[in-house]
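Me: I would like to go through this model with you, beginning with a point of terminology. Could you set out the term first and then take my questions in turn?

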Amino acid sequence: MAGGRPRAFDSDRALDQALEVFWRQGYEGTAISDLTKAMGINNAPSLYNAFGNKEQLFSKVLDRYADGPARYIRAAFDQPTARGAVESLLHGAADATTDPDHPRGCITVQGALACSPGAEAARAELTARRAAGEAALRARLERAAADGELPAGSDPEGLARYFTTIYQGVAVQAAGGATREQLHQIVDTAMTVWPAPATT
């Protein structure tokens, strides 16, 4: 409409509400009516007009998640050592996935693990985001190997796969009710596989 009225809702807040719904219910378990109700939007056409279809909204929500509850991931990669980065990443996951202000677990791990063919695009996006995270970790460990931080003979690719599996396992355990303390203990145990420096 000409000179349209400003939207009656805060889009950032609406995305936060959508994030909570998708996080709690998963992609396929979330209906458009769940989203419009949570986001304070009158009807589905208004939601589509503001954020695109469900799949597009989900993608925006994942970006919001990366910038909000999962911002610890970027902070971890800013650590000066690879070991510090991995420890920060895993302990950050233990804290984030048990944060009482949010649903337990991780939206990128749980969001579309099991879904029908109609939700395949959402599952593919989550799979791609998880793969990108593992690739970033592998690159960080390869750099550590090249810089001598990891001893000769270390396997950066295998370590990246291992620590990614621990990272995702933390989220699954958190969603299943594991305590924050239990998850930190798991992380401490996992870090014992870190390659020891070669002795002369």
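Reply: A salt bridge here is a side-chain nitrogen of Lys or Arg within 4 Å of a carboxyl oxygen of Asp or Glu. Please keep in mind that this is a predicted model.

Me: Understood. Which side chain of opposite charge is nearest to Arg140, and how far away is it?

Reply: The nearest is Glu149, at 4.3 Å. Arg140 is buried yet has no salt bridge. The cut-off is within 4 Å, so a separation of 4.3 Å does not qualify.

Me: Where is Arg140 found, and what is it in contact with?

Reply: Arg140 is found in helix α8. Leaving aside neighbours within four places in sequence, Arg140 is in contact with Phe77, Gln79, Pro80, Thr81, Ala82 and Glu149.

Me: What about Ala144: is it buried or exposed?

Reply: Ala144 counts as buried, because its relative accessibility is 0%. This residue is also found in helix α8, which covers residues 120–146.

Me: Which residues does Ala144 touch?

Reply: Not counting residues up to four places away in sequence, Ala144 touches Ala82, Glu149 and Leu150. Ala82 and Glu149 are also among the contacts of Arg140. In addition, the C-alpha atoms of Ala144 and Thr81 are separated by 7.6 Å, with their positions 63 residues apart along the chain.

Me: Let us turn to salt bridges that do form. How many are there by this rule?

Reply: The count comes to 10. One of them joins Arg64 to Asp12, with the closest N and O atoms 3.5 Å apart. That pair links distant parts of the chain, since Arg64 is in helix α4 (residues 54–67) and Asp12 in helix α1 (residues 11–25), 52 residues apart.

Me: How exposed are those two partners?

Reply: Arg64 counts as partly exposed, at 25% relative accessibility. Asp12 is likewise partly exposed, with a relative accessible area of 40%.

Me: Which residues make up the salt-bridge network that includes Asp12?

Reply: The network links Asp12, Asp16 and Arg64.

Me: And what does Asp63 pair with?

Reply: Asp63 forms a salt bridge with Arg129, the closest N and O atoms being 2.9 Å apart. Asp63 lies in helix α4 and Arg129 in helix α8, so this pair ties together parts that are 66 residues apart in sequence. Both partners are partly exposed: Asp63 has a relative accessible area of 38%, and Arg129 has a relative accessibility of 27%.

Me: Which other side chain meets Arg129 in a salt bridge?

Reply: The side chain of Glu125 does, at 2.8 Å from N to O. Arg129 and Glu125 both lie in helix α8, four residues apart, or about one turn of the helix.

Me: Stepping back, what is the secondary structure of the chain?

Reply: The protein chain comes to 10 helices and zero strands. Its C-alpha trace spans about 75 × 35 × 30 Å along the principal axes. Of the 200 residues, 40% count as buried.

Me: How is the chain divided into domains?

Reply: The division is into domain 1 (11–64) and domain 2 (69–192). Their C-alpha centres lie 25 Å apart. At the level of contacts, 15 residues of domain 1 meet 20 residues of domain 2.

Me: What annotation does UniProt give for residues 15–59?

Reply: The unreviewed UniProt entry annotates residues 15–59 as "domain: HTH tetR-type". In the model, the chain over residues 15–59 is 73% helix and 0% strand, and the end C-alpha atoms are 11 Å apart.

Me: Finally, the nonpolar core. Which residues of the largest one touch the most other members?

Reply: They are Leu35, Met39, Leu57, Ile107 and Leu141, in a core of 55 residues. Helix α9 (residues 156–175) gives the most to this core, with eight residues. The core draws at least three residues from each of domain 1 and domain 2.

Me: What is Met39 in contact with?

Reply: Leaving aside neighbours within four places in sequence, Met39 is in contact with Ala14, Gln17, Ala18, Leu47, Phe51 and Leu57. Of these, Leu57 is itself among the core residues that touch the most other members.

Me: How far apart in sequence are the contacting residues over the whole chain?

Reply: Among contacts between residues at least 6 apart in sequence, 69% join residues at least 24 apart.

How values were computed:
Residues numbered from 1 in each chain as written. Predicted model: local features only at pLDDT ≥ 70, side-chain atom pairs only at ≥ 80, totals over all residues. Heavy atoms only, no water. Helix = DSSP H or I, 4+ residues; strand = E, 2+ residues; numbered from the N terminus. Buried < 20%, exposed > 50% of the residue type's maximum accessible area, 1.4 Å probe, protein only. Contact = heavy atoms within 4.5 Å. UniProt positions renumbered as here; feature names shortened; annotations may be inferred. Core = buried A, V, L, I, M, F, W, Y, C linked by side-chain atoms within 4.5 Å. Domains from an automatic or database assignment. Lys, Arg positive; Asp, Glu negative; His and termini not counted.
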